Amino acid sequence: MRFFFYNNPQTPGPEADTRIIDAIVEQSIWADQAGFDAITLTEHHFDNYNTYSNAFMMAAFLAPQLTQATLMLAVTVPAAQHPIELAERANLLDQLTKGRAVIGVGPGSSPVEFAGLGRDHQTRHAAMDEALEIVHQAWALKQDTPPLKYSTRHDSGEVLGRVMPSPYGGKPTPRLARATLSDDGLSWAGRRGLPVFFGRFPAPVIGEKLDLYRRALEEAGHSADTLAESMRWSFVQKMVYVADSDEQALADLAEPIAFSQSLLGRAFGPPSGGPVAEGHDMRKAVGAAAGSLTEFLAASAFYGTPDTVASQIEELVPSGLQNLACWMYFGDMPLTKVNRSMELFINEVMPRFDKR
């Protein structure tokens, strides 16, 4: 089992933004030095759910400060972006990281974010596929090839030269992945030979989802190298909180989880005019419609003493999962508690999974 450090810090308001951004920079550098294999960045807008909003800019800032970790975007939303600008940003990040980047894509989910960006939330799946098709066409351009004329429901134009810069190391594209909560999304990623990001399921369900994904990879006829690379960068995300006792962990989580859920409730409002999710209730999947604290934590979090958290992670091992993305700073939890949790995890949990 490898560990990724997942950055999605909520903010109570503008007065807290600077200290929260400073904290995640320090934590990301600490996680890199402690042996986390990736630093993972999210993209959310307008709802206080992600303080820094722009994953590409944050990744570019972190890149020269990391010594070994891969930077992963989990995720950027093609349906909410200009496709040519997305192609350029992805290539530039690939160059700045010397190829140590994985660009995760997904259809997006929050109606609040789509409204703020002037996009149609109800068409986000088709818009993602449409944008990605144009992005791939842009990556294939050469300086002397015919111009690329493109048109989507939101953007249109004509590209007369190549997208600059090119991806690092002569690759045709940066490394891509897909984030999803649905079986259709898992199959989509498997057919294309892309790593998959998902989470917030109990261990047995994670095993079932990974089996479905592996079957899609195999049925698509991908090479052994593609299968291995896809599994190497696929991950499940969980909130992780380590304390000196199980009782203390539960008590410490109550307020941050309540705050997170209040933000989710605003960002993922009740559906209107159509489904909010990829085939099921997104509000429940992300915790906006969860019942009790313990119900939410049972699916979304690993928490307790180092022994308890290690045993929870052990339950994932039979599934064949190689990577756990640990969300350790959430709900504006006091930094003293977050840092203590990270210290316990790094010193007392991670070593139990070395070289497995």
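**View 1. Helix 5 gives the most to the lining of the second largest cavity, with three residues.** Welcome to this predicted model; we start with an enclosed space. About 50 Å³ of room lies in the second largest cavity. Its lining is made up of Pro-78, Ala-79, Gln-81, Pro-83, Arg-119, Ala-127, Glu-130, Ala-131, Thr-152, His-154 and Asp-155. Sorted by class, these lining residues are five nonpolar, three polar and three charged. The count of cavities of 30 Å³ or more comes to three.

**View 2. Helix 3 and helix 5 cross with a right-handed turn.** Here helix 3 (residues 83–96) packs against helix 5 (residues 124–139) at an angle of about 55°, and their axes are 8 Å apart. The two helices are therefore oblique to each other. On the helix 3 side, look for Pro-83, Ile-84, Leu-86, Ala-87, Ala-90 and Asn-91; they meet Ala-131, Ile-134, Val-135, Ala-138 and Trp-139 of helix 5. This contact has 10 nonpolar residues, one polar residue and no charged ones. You may recognise two names from the first view: Pro-83 and Ala-131 are also among the residues that line the second largest cavity.

**View 3. The second largest pocket is lined by 14 residues.** Now we turn to a pocket with a volume of about 230 Å³. To find its centre, look for Arg-175, Leu-176, Gly-193, Leu-194 and Pro-195, the lining residues that lie nearest to it. Helix 8 (residues 224–233) gives the most to this lining, with four residues. By class, the pocket lining has six nonpolar, five polar and three charged residues.

How values were computed. Residues numbered from 1 in each chain as written. Predicted model: local features only at pLDDT ≥ 70, side-chain atom pairs only at ≥ 80, totals over all residues. Heavy atoms only, no water. 1 Å grid on protein atoms, 1.4 Å probe; cavity = no way out; pocket = protein on both sides within 12 Å on 5 of 7 lines; lining within 4 Å. Points joined across faces, edges and corners; volume = space filled by probe spheres on them. Nonpolar A, V, L, I, M, F, W, Y, C, P; charged D, E, K, R; others polar. Axes fitted to C-alpha atoms, helices over the stretch in contact; angles between N-to-C directions. Parallel < 35°, antiparallel > 145°, perpendicular 65-115°, else oblique. Left-handed = near helix turned anticlockwise from the far one by under 90°. Contact = heavy atoms within 4.5 Å.
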